[in-house]
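Work through the exercises below with the model open. Try each task before reading its solution.

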Amino acid sequence: MSNPSAHRHQSREALALRQRGEQAAARLPALLLSAERVANTVAQGVHGRRRVGQGETFWQFRQYEPGDPLQRIDWRQSAKGDRVFVRELEWEAAQSAWVWLDPSPSMDWASSENLPRKIDRGRVLAMALSILMVRAGERVALLGSDQPPRSGRGALASLATRLSAIEPDEAGGAGLPPLRHLPRNAQLLLVSDFLEEPAELEKRLRHFLTAGVRGHLLQILDPAELSLPYHGRLRFDGLEGEESWLLSRVESVRGDYLERLNRLRAALADFAASVGWGYSLHITERPAEPTLLALHQALASNRVEAR
């Protein structure tokens with residue numbers, strides 16, 4: 001006998017999934033337009049990037065995609081199943097970049113309706129940087145997805161679709177990048193507010209450092225998070241399961257709050273510098289273009305040093 005409550009539950013899940021898909025589709029054109037505009041502005045001051053020297057070290061098989069040269073097909077590997085595979089070499093993978101956008105609930109916030117949410121600004125910056133890298137002949141992928149790094153307009157459209165579909169995880173606990181094997185000298189851009197304990201993030205990043213991955217931490221914060229501009233009696237509700245906190249005078253804790261935030265930012269910057277990674281802060285009230293230009297130059301510098 002069928003279970004009516006189970007059917008209702010499945011129907012609710014299907015409806016929620018469809019609604020998320022529709023929301024992502026609605027964001028896609030806006031994301032592409034915004035990212036293209038930002039990338040085009042920055043591209044005027046960007047020069048070509050130098051590539052890692054070629055080598056013949058095998059890295060992995062990946063599924064054949066339209067446009068791959070036929071001579072790249074590995075027929076022996078392909079004969080084992082019903083899919084066609086090509087061989088990817090270490091030097092080709094090292095010319096690739098992975099981006100990660102934090103889906104934790106704390107990214108779903110803006111202090112004013114005139115400001116973008118942190119996750120929306122992160123989407124634009126990650127997409128615009130990917131556009132610049134693909135134009136320079138490199139490959140891009142979303143960290144944690146099942147798609148390998150790719151180049152061309154198709155790759156950008158696929159990445160935009162995936163970035164548009166990222167929404168803060170209501171369950172929380174998603175503020176750390178997933179552990180994945182990346183090739184030596186690959187690039188990794190992590191976009192987050194990084195409002196996590198630095199020690200936890202450092203432990204996660206050690207995985208990539210051990211593999212020789214080069215990276216950059218882009219911290220995105222709302223201006224109110226940098227100043228705590230509120231006064232008087234106010235209730236703060238946690239976005240990630242924390243208990244609410246009622247303060248009779250917000251200004252009484254401003255000094256301690258700012259000191260703790262500054263320590264957090266300094267810890268991120270110091271750790272990045274100690275391992276040869278980059279760190280930058282973007283505030284959502286400011287234009288995206290200066291941050292994008294600095295990001296592109298930092299990653300280009302990493303690529304040159306990897307030669």
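**Exercise 1. Find the span of helix α8 and its buried side.**

Solution. The model is predicted. Start with the length.

- Helix α8 covers residues 254-274, which is 21 residues. From first C-alpha to last, α8 reaches 30 Å, close to the 30 Å expected at 1.5 Å a residue.
- Next, list what is buried in α8: R254, L261, L264, L268, F271 and A272. They cover an arc of only 145° around the axis, so they sit on the same side of α8.
- The general rule fits here. An α-helix has 3.6 residues a turn, so residues three or four places apart point the same way.
- Now turn to the face of α8 directed away from its buried side. The exposed residues there are D256, D270, A273 and S274.
- Then ask what the buried residues of α8 pack against. The partners are α6 (198-210), β6 (214-221), α7 (223-227) and β9 (278-283).
- Last, look past the helix. G276 follows α8 and has a positive phi, near 80°.

**Exercise 2. Lay out the sheet and place α8 on it.**

Solution. Take the strand order, then the pairings.

- The sheet is open, has 5 strands, and runs β4-β3-β5-β6-β9 with parallel pairing.
- β4 and β9 stand at the edges with a single partner strand each, so one side of each has no neighbour in the sheet.
- The twist averages 20° from one strand to the next.
- β3 and β5 run parallel and are joined by 5 bridges. One register point is V99, whose bridge partner in β5 is L189.
- β5 and β6 also pair in the parallel sense, over 6 bridges. Two register points help here: L190 has L217 of β6 as its bridge partner, and S192 has Q219 of β6.
- Now add the helix. α8 packs on the sheet and touches β6 and β9. The direction of α8 makes about 145° with that of β9.

**Exercise 3. Is β5 enclosed or open, and which way do its residues point?**

Solution. Count burial, then sort by direction.

- In β5, 6 of the 6 residues are buried, so the strand is largely enclosed by the rest of the structure.
- Q187, L189 and V191 point one way from β5. L188, L190 and S192 point the other way.
- This follows the general pattern: in a regular strand the side chains alternate between the two faces of the sheet.
- Step back to the loop between α5 and β5, where N185 lies. The relative accessible area of N185 is 17%. The cut-off for buried is under 20%, so N185 counts as buried.
- N185 and S96 are 89 residues apart in sequence, yet 8.9 Å apart in space, C-alpha to C-alpha.

**Exercise 4. Map the nonpolar cores.**

Solution. Begin with the largest one.

- The largest nonpolar core has 35 residues. Those with the most contacts inside it are L101, M127, L159, L163, L189, L218 and L292.
- Elements giving two or more residues to this core include α1 (4-43), β3 (96-101), α5 (153-165) and α9 (289-305). α4 gives the most, with 11 residues.
- Zoom in on L159. Leaving out residues up to four places away in sequence, L159 touches V99, M127, S130, V140, A141 and L142.
- A second, separate core has 18 residues, among them W98, L188, F208 and L217.

Technical notes
Residues are numbered from 1 along each chain as its sequence is written. This is a predicted model: local features need pLDDT of at least 70, side-chain atom pairs count only at pLDDT 80 or more; totals for chains, interfaces and linings use all residues. Side-chain values use heavy atoms; hydrogens and water are left out. Helices (H or I, at least four residues) and strands (E, at least two) are DSSP runs, numbered from the N terminus. The expected span of a helix is 1.5 Å times one less than its number of residues. Buried means under 20% relative accessible area, exposed over 50%, partly exposed in between (1.4 Å probe, protein chains only). The arc is that of the directions from the helix axis to the C-beta atoms. Contact means heavy atoms within 4.5 Å. A nonpolar core is a set of buried Ala, Val, Leu, Ile, Met, Phe, Trp, Tyr and Cys residues joined through side-chain atoms within 4.5 Å. Two strands pair if DSSP finds at least two bridges between them. Axes are lines fitted to C-alpha atoms, for helices over the stretch in contact, and angles run from 0 to 180 degrees between N-to-C directions.
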